[in-house]
Amino acid sequence: MRLTDIHRCEIRPGRLVTWTLHPTAVEGVAQLPDDTRPPAYVQEAHVRTARTVREDGLFVPTWLGTAFDIPGRVDLDVLQDALRIWTLRHETLRSGFRWADGPPGSPDDELRRFTLAPDSVVLHREDVGDFRDGATLSRYLQDRFDIAADALTWPNFIYSAVVRDDTTSVYLAFDHTNVDSYSIFRIVHEIHQLYTAGLDGRTVEAAPVASYVDFCASERTHADGIDETHSIVAEWRKFIARCDGRLPNFPVDLGLDPEGPLPTQKLMRDWLTDDADAAAFEAYCRPYGGSMVGILAATALIVREISGQQVYRTVVPFHTRARSEWSDSVGWYVGGAPLEIPVGEVSDFDGALDLVRTALRAKRPLSRMPIARVLKLLGSDFRPTSPDLYSIVSFVDTRDIAGSERWDDLKAYGLIRVSYGDQVCAWITRLHEGLQFAARYPDTDVAHKNMRLYVARLRELITSVAQGTAPERARSAPPGARGTARPAPTQPAAISPAPSGALTRP
């Protein structure tokens, strides 16, 4: 499933149909009691940021989505039933938030959860009409998703289908509070499975899915058990201090104006390698921990070349699906760990690999504590200043996700909303076809030039290591590193970091 935006996922003309929660279900929410299970720290930080940004006069959409085809003539009633059954599987989709009475910043400024009962979940279908032009349709979908999948409204998801005689394209959008990348990648197979069963008059026998709402309560209880004296807080405090009092941006010149408004962003996407080179690169990096280690090591070397920085500092996203019960659950299961790679101390790729492996082993446990909780405990030591807390370079291996071998035939895409931001969020995805690169970055000439240079150097380094043509100092592998066995799968991490803080940069 390639990552892209709504305008680059092969949208074709057709008749548009949408589904949202029925108005009667939405109207009844005001009468629901509070759900005692609190929001996750990542959810609360996201919602508070959206509110701050809106109050500062800028609308920054943050939804994620997926797109895929259903071949043949669709039965809309069966598809609607499949979408409703899927929605009921995942409690977070019928759970939302509201503010307790009290002005922003006051002790009563509390975000509280409510949860709709399963039997109240009814989908409302709207026949929007025919679209004869794909570009017009993509613009309409983006505008509709911006409103319907907004962090500050509920419900904050929408389902849609573009119907044709020979195939139907399905587009689903969710505010980030409900989903992460792993959630998005699983949707295609689950909906197809439910739809096919519905056509055959069957039910899908599946074990109950653990609730992300329950996970939020458990994680928050654990996070509230620490205070500002905890060693994890101390580690983050030192890391932020070495980043000049903020979390790190991508360490190349992005052409940002510190006094200017928050810039718009652009999407960059490209193929890095084919399957053969991706497999060879994985085999080379396996003794150090696999492709994720290799991508981070390569990035550290490349940013040293571009910017001259001798220490590569970043926050690495990790999934928090620590127990198998969460593996099939839709939610935002993401944490981050601070990483410092003193790449100036090494002269070759193997040296960088070893540094990254050591750093990941030492720092990964920090990702189990929500960053928003840590920042709250840091108090005046840190103030977030951007919708994205930090830049990321994320690696995701999707090949073991159910149905992934059909993604290309089904025109399956993961959708990224690109709007505003001064950070770089880059995702390298291992697909059956190879390695894909996608990123959103500030829309400046300098950023475009340096991001293009980064991608070109990343492709060159990965290919040279895979094909054994890198300079000797960059490819001296330890014994056994050049095996051909398929690497173990890496569980996907976040599609983006948890937003928090104010809009205006200092």
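**Close-up views of a predicted model**

**View 1. Strands 15 and 16 pair within a four-stranded sheet.** Strand 15 (residues 425-431) and strand 16 (residues 434-442) are joined in the antiparallel sense over seven bridges, where two strands pair if DSSP finds at least two bridges between them, and where strands (E, at least two residues) and helices (H or I, at least four) are DSSP runs numbered from the N terminus. The bridge partner of C425 in strand 16 is R440. This is a predicted model, in which local features need pLDDT of at least 70 and side-chain atom pairs count only at pLDDT 80 or more, whereas totals for chains, interfaces and linings use all residues. Residues are numbered from 1 along each chain as its sequence is written, and side-chain values use heavy atoms, with hydrogens and water left out. The open sheet has the strand order 9-16-15-13 with mixed pairing, and its edge strands, strand 9 (265-274) and strand 13 (392-397), each pair on one side only.

**View 2. Helix 9 lies across strands 13 and 15.** Helix 9 (residues 291-307) runs at about 155° to strand 13, the angle being taken, from 0 to 180 degrees, between N-to-C directions of axes fitted to C-alpha atoms, for helices over the stretch in contact; contact means heavy atoms within 4.5 Å. Helix 12 (residues 445-467) also packs on the sheet, touching strand 9, strand 13, strand 15 and strand 16, and its direction makes about 15° with that of strand 9.

**View 3. Strand 1 stands at an edge of a seven-stranded sheet.** The open sheet has the order 1-14-3-8-7-2-6, and its pairing is mixed. Strand 1 (2-4) and strand 6 each have a single partner strand, so one side of each is left without a neighbour in the sheet. Strand 1 pairs with strand 14 (residues 413-416) in the parallel sense over three bridges, and the bridge partner of T4 in strand 14 is L415.

**View 4. Helix 3 has buried residues covered by several strands and a helix.** The buried residues of helix 3, including L79, A82 and W86, are those under 20% relative accessible area (exposed means over 50%, partly exposed in between, with a 1.4 Å probe and protein chains only). What covers the buried residues includes strand 2 (14-21), strand 3 (64-71), strand 7 (157-163) and helix 5. At the start of helix 3, a side-chain oxygen of D75 comes to within 3.1 Å of the backbone nitrogen of D77.

Conventions
Polar contact = N/O pair within 3.5 Å; in protein donor to acceptor, adjacent residues only side chain to side chain.
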